[in-house]
Amino acid sequence: MLDGLEEWRAGLESAGIEVSDESSDRRPPDLVVSPARLAREARHTKARSIIVEGSRERPFRRGDYQARRLLLRPTRERPTLALPLDQPASVSYALERWSVVDRRWKTARMRAARVLVSRGLFPSWASPVVTVATHAPGPPALVAAAGELGVTSDVNWFLTFGQGDALSRNAFQLFRAGSDQPEWVLKFARVAGYSERFDNDERGLQLAHGAGDVIAAHVPHLVGRFDLDGVHASVETAAAGRRLRDVLLTPGDRTAKLRLIERIADWILALGRLTQTSAEAMGAERERLRTDVVPRWSELGAHVELVDELPPLRAVLQHNDLGAWNVVADNGEFVVVDWENTREAALPLWDLLYFLGNAFVLLDGPAAPEQLPARMIQLFAGEAPSSHVLFSWVRRAAESAAVPPDAVAAIATLCWLSHSLSAGAHNVDIAAFTPRDPPRVHGIEGIARAWMAHPALGPSWSVWRG
């Protein structure tokens with residue numbers, strides 16, 4: 001590390017990487033990270049790879065380094081995207097499909113940025129930029145290693161960063177040469193030796209495809225898995241389009257957005273219906289709820305009777321993280337991604353409640369994470385514009401899954417008690433290791449407390465009946 005850069009140091013050390021302030025005379029370092037003003041000094045270390053904060057290709061134009069500029073969006077401290085400015089097609093796609101355009105003036109700005117990028121330029125307001133220099137030309141090492149799974153060597157790409165926690169996976173969106181849409185997604189771990197989410201993702205995808213063509217038509221295909229120097233990775237078919245969250249936040253026809261939400265909701269009902277198994281298969285899940293979930297909320301009045309007094313219910317497959325961030329949509333079509341949290345034999349209705357809660361909140365207006373609990377409570381209490389549509393889907397889902405009406409409130413309560421815990425368990429954000437950045441707020445972690453406190457919600461929720 002040259003000249004401090006303490007945020008870089010904290011992030012690298014939290015990932016188990018040894019960091020020094022000076023280079024050894026005997027062996028060049030694997031990586032040097034430098035501010036722009038010290039780019040030449042960084043080059044003199046002869047490191048295998050160099051990252052410079054800023055747009056500084058000139059010091060690397062002579063010699064055996066190959067340099068590339070990456071645009072980080074939206075900020076250097078917590079980027080969601082890294083865009084290689086020498087690849088205008090993939091960058092143009094990312095700017096159009098991975099930007100939150102919740103104001104009409106942002107639409108104009110995004111279009112201007114795409115035009116500039118297509119000419120090899122970038123606007124000053126689109127910075128920050130980092131420059132990456134390596135001795136080895138060609139694609140990133142993980143992308144090159146994916147060649148064994150059929151990924152071509154001349155692919156274009158951009159990089160998306162995991163946003164959940166320190167173990168969230170990053171992903172390359174990969175484009176065939178000449179294509180303006182991604183063909184594959186290459187997910188990779190941020191910590192060497194970590195394979196659990198890849199195992200879970202593979203299992204979830206297998207279960208989803210096993211439900212039949214109606215479900216599989218909206219699920220990615222796993223191409224294969226590999227590891228590079230202990231870093232686990234997988235390749236899936238890409239879902240082209242925009243995240244549903246961004247679609248719902250973009251100004252546009254409310255009726256068309258509602259139609260898309262309801263099409264996805266209908267698919268969720270089919271997922272439950274086509275994966276039903278016996279009530280006895282849910283024994284392990286009932287025990288998890290009884291021992292690991294409900295006792296954590298006893299101070300709010302939650303008791304194990306929530307589980308014990310449920311009638312026999314047929315178990316279903318749950319995606320178990322079916323928020324608008326895990327749906328990619330394009331021209332009325334959709335793909336549901338990231339199946340690593342799947343539960344094979346679990347309670348019905350959960351996926352629908354989770355999905356519609358998030359989608360209808362966004363349909364009714366933007367919501368920051370800290371606003372989500374209050375907005376969800378308004379929706380489920382019948383106080384939001386989309387409440388009546390939500391309630392009609394709850395009634396339809398209960399009938400489809402053969403859930404007695406008197407059991408719906410308990411199922412919904414257990415849904416929010418469980419999901420509020422899982423969000424907290426995953427909230428070990430890498431940025432939390434730096435003193436000035438607090439842990440990321442998701443919003444889901446606050447719903448259980450708000451649900452149990454509202455007089456019209458909790459285990460007595462009945463307004464959905466109409």
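Which residue in S14 is the bridge partner of Val327? Keep that one in mind for a moment, and I'll come back to it shortly.

Hi everyone, thanks for coming. What we have on screen is a predicted model, so please take everything I say as a description of that model. Let me start with the overall picture. The chain contains 16 helices and 15 strands. Of its 466 residues, buried ones make up 50%. The exposed surface comes to about 21,100 Å², and carbon and sulfur atoms supply 50% of that. For those of you who like contact maps: if you take the contacts with a separation of 6 or more, 67% of them are between residues 24 or more positions apart.

Now, back to my opening question. The answer is Val336, which sits opposite Val327 as its bridge partner in S14. That pair belongs to the ladder between strand S13, residues 327-330, and S14, where four bridges join two strands running antiparallel. These two are part of an open sheet of three strands, in the order S11-S13-S14, with antiparallel pairing. Strand S11 (242-243) and strand S14 (333-336) are the edges; each has a single partner strand, so one side of each is left without a neighbour in the sheet. And there is a helix here too: H9, residues 254-274, lies across S13 and S14 and runs at about 45 degrees to S14.

Let's turn to the other sheet I want to show you. Here 10 strands form an open sheet with mixed pairing, and the order is S1-S2-S5-S3-S4-S6-S7-S8-S10-S9. At its edges are strand S1 (31-35) and strand S9 (222-228), each of which pairs on one side only. If you ignore direction, neighbouring strands are turned by 25 degrees against each other on average.

At the S9 end, six bridges link S9 with strand S10, residues 231-237, and the two run antiparallel. One pair to click on is Asp227, whose bridge partner in S10 is His232.

There is a helix on this sheet as well. H3 packs on it, touching strand S3 (66-73), strand S4 (81-84), S6 and S7, and the direction of H3 makes about 150 degrees with that of S4. How many of the 10 residues in H3 are buried? Seven, so to speak the bulk of a helix that spans residues 88-97 and is mostly covered. The buried ones are Ser90, Val91, Ser92, Tyr93, Ala94, Leu95 and Arg97.

One of the strands that H3 touches is S7, and I'd like to stay there for a minute. S7 covers residues 170-175, and six of its six residues are buried. Both faces are covered, with Asn170, Phe172 and Leu174 on one side and Ala171, Gln173 and Phe175 on the other. Strand S6, residues 156-160, is joined to S7 by five bridges in an antiparallel arrangement, and there Trp157 stands opposite Leu174. S7 also pairs with strand S8, residues 184-188, again antiparallel and over five bridges. In that ladder, Phe172 has Leu186 as its bridge partner.

On to helix packing, with H14 in the middle of the story. Helix H12 (residues 350-364) packs against helix H14 (residues 387-400) at an angle of about 170 degrees, with their axes 11 Å apart. H12 and H14 are therefore roughly antiparallel to each other. The contact brings together Leu352, Leu353, Leu356 and Phe360 of H12 with Val389, Leu390, Trp393, Val394 and Ala397 of H14. As for handedness, H12 passes H14 in a right-handed crossing.

Helix H13, residues 372-380, also packs with H14, this time at about 65 degrees and with the axes 8 Å apart. So these two, H13 and H14, are roughly perpendicular to each other. Here the contact is made by Gln378, Leu379 and Phe380 of H13 and Ser387, Leu390 and Phe391 of H14.

Last stop: Arg343, in strand S15, residues 343-346. Is Arg343 buried, exposed or partly exposed? Its relative accessibility is 24%, so Arg343 counts as partly exposed. Leaving out residues up to four places away in sequence, Arg343 touches Glu285, Arg288, Val316, Leu317, Gln318 and Asn320. Arg343 and Leu207 lie 136 residues apart in sequence, while their C-alpha atoms are 9.6 Å apart in space.

That's my tour, and I'm happy to take questions!

Key
Residues numbered from 1 in each chain as written. Predicted model: local features only at pLDDT ≥ 70, side-chain atom pairs only at ≥ 80, totals over all residues. Heavy atoms only, no water. Pairing = 2+ DSSP bridges. Contact = heavy atoms within 4.5 Å. Axes fitted to C-alpha atoms, helices over the stretch in contact; angles between N-to-C directions. Buried < 20%, exposed > 50% of the residue type's maximum accessible area, 1.4 Å probe, protein only. Areas by Shrake-Rupley, 256 points an atom, 1.4 Å probe, with all protein chains shown as cover. Parallel < 35°, antiparallel > 145°, perpendicular 65-115°, else oblique. Left-handed = near helix turned anticlockwise from the far one by under 90°.
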